[in-house]
Amino acid sequence: MKFALITFGCRVNQADSTCLDGDLRAVGGRPSHFEDADLVVVNTCSVTASADQSARKMIRRVGRSNPDARIVVTGCYATRAAEEISALPGVEAVVPNARKEQLTDDLRALIRSLPKGTGDGPCGVPLETAAPSRTVHMLCVQTGCDETCTYCIIPSTRGRGRSRSIEEVLERVQSATDAGFKEIVLSGVHLGSYGRDLSPSTSLLELAKALDGQRTDCRFRISSLEPMDCEPALIELVARSGRFTPHFHLPLQHGSDNCLRSMGRPYSKDDYRRVVEAVREALPDSAIGSDVMAGFPTETESDHDESVRYLADSPLTYVHVFPYADRPGTVASRMPKKNATNVVRRRASELRAVAAQLQGRFRRSAIGTVRPALILEGGGLALTDNYLKVQLREPATRNSMVNVRINSAAGGQMMGEIVDSIYNSDVGVEGTPVSIRPANC
Ligand code: SF4
């Protein structure tokens, strides 16, 4: 049975697809291009109207180019608009997020009726390195969200927070490292709430401590973490451990307290400022990223100016800017006042200009430094621990861990060269320890 996985949207969806990829291989599937696959799973996103549109377009394209394929659609768009998707040509099943974890079981009957692949589906077929075609392994440790951000559709499409047990996460980390992955990104819809639903309850900090103690040779990256969940003990662990990359992604959403309140975000701008400063102090070279929204319904010109000013003075190193767009069913979509589209666009572009300055400043500050880095897909690009993508002078072996010297940062591109392989050296970045422990240390 040949299968194709098409994934839209966030890191959580990518992590779900990675799990599904492993599960489908374990029941005898072979990955293939969608034009040639017996089964095509489209994992959708519904964060914006254009995400919905891209998913519809792709489903139609699969149906046209491979009319024999059985198309199964899952993800947030499938959860929010199942009927709309069922009506698209060729769609055999629509699976909501609530059943995503059982998707492979649901697909078993379908898979049995399809041509067999190379194996007959013994359990435990190992993950292939970088399946599906990614060098970094996305590991979803949590899904769902109990927060009530007024603009967000996720709590209604993903349900309440649910976490994998620490034991299960450790097992998945072990199988990913056995398969050769050298970087694992811990992801979740509301990652900072990890473990609150478990019995007995636990926390992201406890999970991080367990990972810190695991004898594997991979590094961990913590994906997006809500600012209220970024506790001092976690920052301290990341700074001291050497197993975690110096990288925090802390979505601010808005630099005005008025807007934070109407967005239902449970912190103030000053709370956020303190968290970011604590990270910067503990990890001076770290990447600190954020998400900021432009044009929220209650946003005034002065709220927007406040947001711009906060960003410009902040130590953030990159910012993703999202123009506000109504998601049907959210509290924000029913707010009476809305900013005109041209105002939202203009504010987004002003925020992006500040974001570009912050990123440029961080990139320039990295010139001359040597950072541990993972060689990505084509071999010509290295991803540093502090989240810089460096174009290499000479290509190297994909999935190898090296020390890279950053030589320049011009025209939006960072250039560098490999100094040495990480395991041949016990000298790290400018006198600090290398960020990876060799296996069996
Ligand atoms: S924390 Fe807020 S923005 Fe994030 S998933 Fe939950 S409701 Fe959505």
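The buried residues of helix α13 pack against β11 (287-294), helix α12, β12 (318-323), β16 and β17. This is a predicted model. Helix α13 also gives the most residues to the largest nonpolar core. Two sheets are covered below: a closed barrel of five strands and an open sheet of five strands.

**Helix α13**
- The buried residues of α13 are V344, R347, L351, V354, A355, L358, F362, R363 and A366.
- The 26 residues of α13 should span 38 Å at 1.5 Å a residue. Its end C-alpha atoms are 37 Å apart, which agrees.
- G368 follows α13 and has a positive phi, near 95°.

**V308 on helix α12**
- Helix α12 covers residues 301-313 and contains V308.
- Is V308 buried, exposed or partly exposed? V308 has 19 C-beta neighbours inside 10 Å, so it counts as partly exposed. Being buried takes 20 or more.
- Beyond its neighbours within four places in sequence, V308 is in contact with E350, L351 and V354. Two of these contacts, L351 and V354, are among the buried residues of α13.
- V292 is 16 residues from V308 along the chain, and their C-alpha atoms are separated by 10.0 Å.

**Nonpolar cores**
- The largest nonpolar core has 83 residues. L139, I184 and A382 have the most contacts inside it.
- Helix α13 (residues 341-366) supplies seven residues to this core, the most of any contributor.
- At least three residues of the core come from each of domain 2 (137-365) and domain 3 (367-424).
- Which residues does L139 touch, leaving aside neighbours within four places in sequence? L139 is in contact with A15, R172, V173, A176, I184, V185, L186 and S187.
- A second, separate core has 32 residues, including A37, A55, V62 and L107.

**The closed barrel**
- The five strands of the barrel run β13-β14-β15-β17-β16, with mixed pairing. The twist averages 50° from one strand to the next.
- Strand β15 (residues 389-392) pairs with strand β17 (residues 413-421) in the parallel sense, over three bridges.
- On that pairing, L392 has G416 of β17 as its bridge partner. V390 stands opposite M414 in β17.
- Strand β16 (residues 401-410) runs antiparallel to β17, and eight bridges join them. Here A409 stands opposite M414.
- M414 therefore faces residues on two sides: V390 and A409.- The hairpin of β16 and β17 has two residues between the strands. In this hairpin G411 takes a positive phi near 60°.

**The open sheet**
- The strand order is β2-β1-β3-β4-β5, and the pairing is parallel.
- Why do β2 (30-31) and β5 (91-95) each have one side without a neighbour in the sheet? They stand at the edges, each with a single partner strand, so one side of each is left without a neighbour.
- Strand β1 (residues 2-7) is joined to β2 by two bridges and runs parallel to β2. The bridge partner of K2 in β2 is R30.
- Helix α2 (residues 49-65) packs on this sheet. It touches β1, β3 (39-44), β4 (70-75) and β5. The direction of α2 makes about 175° with that of β3.

Key. Residues numbered from 1 in each chain as written. Predicted model: local features only at pLDDT ≥ 70, side-chain atom pairs only at ≥ 80, totals over all residues. Core = buried A, V, L, I, M, F, W, Y, C linked by C-beta atoms within 7 Å. Buried ≥ 20, exposed ≤ 12 C-beta atoms within 10 Å, placed from the backbone. Helix = DSSP H or I, 4+ residues; strand = E, 2+ residues; numbered from the N terminus. Domains from an automatic or database assignment. Contact = placed C-beta atoms within 7 Å. Pairing = 2+ DSSP bridges. Axes fitted to C-alpha atoms, helices over the stretch in contact; angles between N-to-C directions. Expected span 1.5 Å × (residues − 1).
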